[in-house]
Amino acid sequence: MSPQKPKRFKASLKKASLQFLGLMPMILSVVGLIGLFQGFVSQEALASLFTGNPWIDTLIGTLAGAVAVGQAMVSYILGGELLEQGISLYAVTAFVLAWVTLGLVQLPLEAEVLGLRFTVWRNLLALLFTILTAVATVATLELLS
Amino acid sequence: MSIRFRGLKLLGFVTSAYLLGAWIEPDKTAHAFMAGAKIFGELLLIFPLIILITALIDYRFDAKTFARHLGEESGAKGWALALGAGVLSHGPMYAWYPMFEEIRAHGVRYGLMAAFFYARSIKIPMLPIMIDYFGAPFTAILTLYILLAAWAQGWIIERFCGQCDGEFKGKS
């Protein structure tokens with residue numbers, strides 16, 4: 001190892017630390033928003049959004065999943081309960097998938113770091129593909145069974 | 001080298017929301033604060049790892065190496081790496097954004113980042129639970145379609161978001 005390397009790594013470490021600290025207000029904001037969501041929006045309130053119409057519910061499931069935050073497992077549990085309530089598998093799949101792929105509260109941070117244009121493109125595509133994937137998954141499942 | 005704090009206005013807005021909430025709904029706000037504090041406590045464990053990886057990328061890899069594996073020249077290997085890394089990664093996405101800023105500055109393709117983000121929805125440790133709730137066929141089909149959707153989004157972004165690069169501020 002050359003004598004210059006430790007000095008260079010130390011400089012990289014310092015740069016990375018400062019870069020990270022600079023983003024800390026953004027990270028704290030996102031964590032704060034997630035806390036507010038968990039404190040003010042109950043799982044029952046989310047479940048009550050569904051109407052029973054498979055197509056409208058698929059859209060509602062996508063949007064509810066995009067707004068909701070938390071561990072993926074919570075979405076599975078909630079999805080299981082929704083199925084028991086008679087909500088269509090299309091809607092539940094969209095909800096579970098949107099829960100893990102879309103995140104409204106982290107949009108400001110993503111836009112700050114990777115640019116607004118990329119963030120808008122990526123999230124609109126993720127929204128569209130979440131609906132398409134949910135529909136394709138259930139349609140394939142029905143075709144095979 | 002000085003710190004440039006970003007998101008102070010948003011932090012001010014969120015703090016105001018908590019103060020307003022404490023006045024209107026003190027119990028719910030206390031619950032919200034505790035939930036946020038718990039999440040932040042969990043994140044504290046991975047922050048040093050993120051800083052270390054970001055520093056290692058800056059120290060160990062130059063733009064040329066990144067271009068070969070994840071840049072314009074990467075081809076199918078780049079897609080496979082992005083999808084594989086997305087499936088294997090865990091923890092909240094927002095915690096990893098500082099690292100993404102670093103790798104973007106090294107020339108990683110935007111399409112690969114989009115594919116990575118979507119492939120993250122496949123959570124390997126959670127698959128048994130998903131199978132338990134929704135069945136093995138459902139889980140297998142969904143997993144396959146997620147990978148296809150992740151690749152398709154990356155492909156579309158590369159074709160149609162040509163000015164994404166113009167937006168990137170990069171690190172100083």
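Trainee: What makes up the lining of the second largest cavity, by class?

Mentor: In this predicted model, that lining has 7 nonpolar residues, 1 polar residue and no charged ones. The classes follow a fixed list, in which Ala, Val, Leu, Ile, Met, Phe, Trp, Tyr, Cys and Pro count as nonpolar, Asp, Glu, Lys and Arg as charged, and the others, Gly among them, as polar. The lining consists of Y76(A), V96(A), L97(A), V100(A), S121(B), M130(B), L142(B) and I146(B), so S121(B), being a Ser, is the polar one by that list. The elements that give two or more residues to this lining are α5 of chain A and α8 of chain B, and α5(A) has the largest share, with 3 residues.

Trainee: Why is a space like this called a cavity rather than a pocket?

Mentor: On a 1 Å grid over the protein atoms alone, a cavity is a set of points where a 1.4 Å probe fits but cannot get out, whereas a pocket is an open set with protein on both sides within 12 Å along at least five of seven lines; in either case, lining residues have an atom within 4 Å of a point. Grid points are joined across faces, edges and corners, and a volume is the space filled by probe spheres set on the points. By that rule the second largest cavity has a volume of about 30 Å³, and a search of the whole structure finds 2 cavities of 30 Å³ or more.

Trainee: How much space lies in the largest cavity, and which residues line it?

Mentor: It holds about 50 Å³ of space. Its lining is Y76(A) together with S121(B), I122(B), K123(B), L127(B), M130(B), T139(B), L142(B), T143(B) and I146(B). Two elements of chain B, α7 (127–134) and α8 (136–160), give two or more residues each, and α8(B) gives the most, with 4. By class there are 6 nonpolar, 3 polar and 1 charged, and K123(B) is the charged one because Lys belongs to that class.

Trainee: What is the volume of the largest pocket, and what lines it?

Mentor: The largest pocket has a volume of about 980 Å³. Of its 33 lining residues, G70(A), Q71(A), A72(A), G91(B) and P92(B) are the closest to its centre. Elements giving two or more residues are α1, α4 and α5 of chain A and α2 (26–60) of chain B, with α2(B) giving the most, 7 residues. The lining divides into 20 nonpolar, 8 polar and 5 charged residues.

Trainee: How do you know that the pair E112(A) and R6(B) is a salt bridge?

Mentor: The rule asks for a side-chain nitrogen of Lys or Arg within 4 Å of a carboxyl oxygen of Asp or Glu. In E112(A) and R6(B) the closest N and O atoms are 2.7 Å apart, which is within that limit, and therefore the pair counts. The rule finds 1 salt bridge across the interface of chain A and chain B, and 5 over all chains. The crossing pair runs from helix α6 of chain A to the segment before α1 (8–24) of chain B.

Trainee: How many residues take part in the contact between the chains, and how much area is buried?

Mentor: Counting contact as heavy atoms within 4.5 Å, chain A gives 68 residues and chain B gives 72. The buried area, meaning the accessible area (1.4 Å probe) that two parts lose on being put together, summed over both, is about 6700 Å², and carbon and sulfur atoms give 76% of it.

Trainee: What is the secondary structure of chain B?

Mentor: Chain B has 9 helices and 0 strands, where helices (H or I, at least four residues) and strands (E, at least two) are DSSP runs, numbered from the N terminus.

Trainee: How are the residues and chains labelled?

Mentor: Residues are numbered from 1 along each chain as its sequence is written, while chains are lettered from A and ligands numbered from 1 in the order in which they are written. In this predicted model local features need pLDDT of at least 70 and side-chain atom pairs count only at pLDDT 80 or more, though totals for chains, interfaces and linings use all residues, and side-chain values use heavy atoms, with hydrogens and water left out.
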